[in-house]
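Notebook open, coffee poured. I want to go through this one feature by feature and jot down what I find.

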Amino acid sequence: ERLRCLNCQAAIPDGRLALTRRSMQERPPDLLFTTTEMLNRYSANPELGRLLGWMGQDSPSLVLLDEVHTYSGPHGAQVALLLRRWRHAARKPVTFVGLSATLRDATSFFGQLTGLPMASIDYIAPAADCMEEEGREYAMAPRRDPVS
């Protein structure tokens, strides 16, 4: 497996980036990007279960959840259950990191999502003097019917 830029011909050497499920199974990566859908879909698959941390000693110790504010409603409940099942199957401590710029009560939300006690959740935000205010652009889609 080799990834090569068609313009400059720069290449990532073989073995540095796993591009297929087979290569990931043969040489589990240090860093795996996946989705909650993929984690759920292959939870009972003996070949991918080890790779995804459902079985064995190789389960990840860090899970990054991007845009956690999208995990709400029925989908959020399914993700919360999935994370609890996965954490139980991993049988070792796991650090969850949730990223969102729009949550109002992030600590409570993240505790409910991951099933972790509030005392084990740290809320981290940039200091006010580290932030630089800029303009905000909005995408508008005018509709002919104001009720639609």
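**Cysteines first**

I started with Cys5, whose sulfur has its closest cysteine sulfur in Cys8, 3.6 Å away, too far for a bond. Seen from Cys8, the closest cysteine sulfur is the one in Cys5, again at 3.6 Å and too far for a bond. The cut-off I used for a disulfide is 2.5 Å between the sulfurs, and the count by that rule is 0 disulfides. This is a predicted model, so I note the distance as it stands in the model.

I also looked up how open the two residues are. Cys5 is partly exposed at 31% relative accessible area, while Cys8 is exposed at 53%.

**Overall layout**

Next I went through the fold. I get 5 helices and 4 strands for the protein chain, running β-β-α-α-α-β-α-β-α from the N terminus. The C-alpha trace spans about 55 × 50 × 40 Å along its principal axes. I looked up the radius of gyration too: it is 20 Å, where a compact globule of 148 residues would have one near 15 Å. Of those 148 residues, 23% count as buried. The accessible surface comes to about 11,800 Å², and 53% of that belongs to carbon and sulfur atoms. For contacts between residues at least 6 apart in sequence, 53% join residues at least 24 apart.

**Aromatic pair**

How many aromatic pairs does a search of the whole structure find? I got 1. It is Trp86 with Phe96, edge-to-face, 6.4 Å centre to centre with 70° between the planes. Trp86 sits in helix H4 (residues 73-90) and Phe96 in strand E4 (residues 95-98), so the pair ties together parts 10 residues apart in sequence.

Buried or exposed, I asked of Trp86? Trp86 is buried, at 2% relative accessibility. Phe96 is buried as well, with a relative accessible area of 9%.

I then listed what Trp86 touches, leaving aside neighbours within four places in sequence. Its contacts are Leu39, Leu52, Gly53, Trp54, Pro60, Val63, Val94 and Phe96.

**Nonpolar core**

Last, I checked the largest nonpolar core, which has 24 residues. Trp86 and Phe96 turn up again here, among the members that touch the most others, along with Leu65, Val68, Phe110 and Leu113. Strand E3 (62-65), H4 and helix H5 (106-114) each supply at least two residues of this core. H4 gives the largest share, 6 residues. My general note beside this: in soluble globular proteins, nonpolar side chains tend to be buried together.

Key:
Residues are numbered from 1 along each chain as its sequence is written. This is a predicted model: local features need pLDDT of at least 70, side-chain atom pairs count only at pLDDT 80 or more; totals for chains, interfaces and linings use all residues. Side-chain values use heavy atoms; hydrogens and water are left out. Rings of Phe, Tyr and Trp (its six-membered ring) pair if their centres lie within 6.5 Å; planes under 30 degrees apart count as stacked, over 60 as edge-to-face and the rest as tilted. Buried means under 20% relative accessible area, exposed over 50%, partly exposed in between (1.4 Å probe, protein chains only). A nonpolar core is a set of buried Ala, Val, Leu, Ile, Met, Phe, Trp, Tyr and Cys residues joined through side-chain atoms within 4.5 Å. Contact means heavy atoms within 4.5 Å. The radius of gyration is taken over C-alpha atoms; the globule rule is 2.2 Å times the number of residues to the power 0.38. Accessible areas come from the Shrake-Rupley method with a 1.4 Å probe; for residues, only the protein chains shown count as cover.
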